Amino acid sequence: MAAKVASLDTLYHLVQEESYEKCVQVANSILATNSDNKVALTTKYFSLCQLEKYESVIGQLSQKNHLLDGEISFYYAYALYRTNNFKDALATLETCPETLESLYLKAQAAYRAELYDECLKAHDLLVAKHAETSPELLTNYLAAYASAADVDGGQHLIKRFSPLANKLFEWRYNAACVSVASGLVLAGQGKHPVSSSSSSSQSSESVWQKADEELQNVLDYAHSKLEEESVDAVLQETA
């Protein structure tokens with residue numbers, strides 16, 4: 001018993017030191033005598049993910065379905081996500097408790113799988129239930145609206161969160177795509193009604209006159225395409 005406690009204590013300190021190779025070794029030594037030790041199992045698969053040994057995680061856990069619950073399921077889903085098995089990752093996440101981490105992963109996996117409704121639901125929960133409003137998260141949220149061609153939802157998000165996220169180029173890019181889809185950005189108009197202040201007259205100091213050249217190129221390209229193609233086609237090429 002004392003040896004087991006000492007091993008778990010060692011495991012804890014190795015995690016703190018980020019010595020993940022040693023973590024796996026110690027966890028394996030514990031599991032050799034107690035194959036169901038939850039601390040050792042969880043630490044082992046966490047460490048393998050930190051080491052980016054995703055194939056090892058998948059190979060081991062795909063044969064041990066009885067272990068797939070709680071945190072271990074999350075690491076399995078994460079390994080599937082990192083190896084581009086997005087739909088399998090989403091299926092695994094359905095067995096996980098809803099946590100902040102699992103919702104983030106679900107949002108990313110759903111986006112990569114082009115399941116935008118599911119992606120938006122995950123973002124809805126992150127913002128409404130967990131009060132997550134980082135600019136990066138909001139940018140991904142808006143990207144899902146743009147990819148889903150959900151103009152009303154995208155414009156609502158822009159009006160609500162532009163003050164928080166407008167500093168990021170990616171947010172402005174996604175907002176431009178939503179505006180293109182809405183038909184509010186017209187060829188030759190020269191205005192970009194994306195942020196809450198963009199409907200007013202544009203001053204020399206306006207955010208859009210200081211926007212990145214790449215963003216302006218995207219908008220100019222979209223303007224020309226609007227005369228020739230459907231909004232959906234424009235969105236697909238610019239998103």
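**Entry 1: names for the helices**

I begin with what I call a helix here: a DSSP run of H or I with at least four residues, numbered from the N terminus. With that settled, I note that the model I am reading is a predicted one. My opening stop is Asn84, which I found in the loop between H5 and H6. Its phi is positive, near 70 degrees, and Asn84 is a residue other than glycine. I jotted down the background to this: most residues other than glycine have a negative phi.

**Entry 2: other positive phi values**

I then looked up Ala149, in the loop between helix H9 (135-147) and helix H10 (151-165). Ala149 is not a glycine, yet its phi is positive, about 55 degrees. Is Ala149 buried or exposed, or in between? I have it as partly exposed, because its relative accessible area is 36%, and the partly exposed class lies between 20% and 50%. Glu114, which follows H7, went on my list too, with a positive phi near 65 degrees.

**Entry 3: the nonpolar core**

Which residues touch the most other members of the largest nonpolar core? I found Tyr45, Leu61 and Trp171, out of 58 residues in that core. Helix H5 (residues 70-82) gives the core its largest share, eight residues. A general remark I kept beside this: in soluble globular proteins, nonpolar side chains tend to be buried together.

I stayed with Tyr45 for a moment. Setting aside neighbours within four places in sequence, I see Tyr45 in contact with Val57, Gln60, Leu61, Lys64, Ile72 and Tyr75. Leu61, then, is a contact of Tyr45 and is also named with Tyr45 among those touching the most other core members.

**Entry 4: helix H2 and the cysteines**

Helix H2 covers residues 20-31, which makes 12 residues. From its first C-alpha to its last I read 16 Å, close to the 16 Å expected at 1.5 Å a residue. Its buried residues are Tyr20, Cys23, Val24, Val26, Ala27, Ile30 and Leu31. I added a reminder on helix geometry: residues three or four places apart point the same way, because an α-helix has 3.6 residues a turn.

Cys23 made me look for disulfides, and a search of the whole structure finds zero. Cys23 counts as buried because its relative accessibility is 0%. Cys177 is buried as well, with a relative accessible area of 1%.

**Entry 5: aromatic pairs**

How many aromatic pairs are there? I count eight. I looked up two of them. Tyr20 and Phe46 are edge-to-face, 5.7 Å centre to centre, with 80 degrees between the planes. They link distant parts of the chain, with Tyr20 in helix H2 and Phe46 in helix H3 (residues 38-50), 26 residues apart. Tyr20 is buried, with a relative accessible area of 13%.

Tyr54 and Tyr78 are edge-to-face too, at 5.9 Å centre to centre and 70 degrees between the planes. This pair joins helix H4 (residues 54-61), home of Tyr54, to helix H5, home of Tyr78, across 24 residues. Tyr54 is buried at 9% relative accessible area, while Tyr78 counts as partly exposed at 25%. I also noted a cluster in which ring pairs link Tyr20, Phe46, Phe74 and Tyr75.

**Entry 6: the loop with Thr95**

I moved on to Thr95, in the loop between H6 and H7. A polar atom of the Thr95 side chain lies 2.6 Å from the backbone oxygen of Thr92. Thr95 is 22 residues from Ser73 in sequence, and their C-alpha atoms are 7.2 Å apart in space.

**Entry 7: helix H7**

How far apart are the end C-alpha atoms of helix H7 (residues 100-112)? I read 19 Å, which agrees with the 18 Å that 13 residues should span at 1.5 Å a residue. The buried residues of H7 are Ser102, Leu103, Leu105, Lys106, Ala107, Ala109 and Ala110. They pack against H5, helix H6 (86-93) and helix H8 (116-128).

Lys106 was the one I wanted to check. At 19% relative accessible area Lys106 counts as buried, because the cut-off is under 20%. Not counting residues up to four places away in sequence, Lys106 touches Leu90, Leu93, Glu94, Glu118 and Ala122.

Conventions. Residues numbered from 1 in each chain as written. Heavy atoms only, no water. Core = buried A, V, L, I, M, F, W, Y, C linked by side-chain atoms within 4.5 Å. Buried < 20%, exposed > 50% of the residue type's maximum accessible area, 1.4 Å probe, protein only. Helix = DSSP H or I, 4+ residues; strand = E, 2+ residues; numbered from the N terminus. Contact = heavy atoms within 4.5 Å. Expected span 1.5 Å × (residues − 1). Disulfide = S-S within 2.5 Å. Polar contact = N/O pair within 3.5 Å; in protein donor to acceptor, adjacent residues only side chain to side chain. Phe/Tyr/Trp six-rings, centres within 6.5 Å; stacked < 30°, edge-to-face > 60°.
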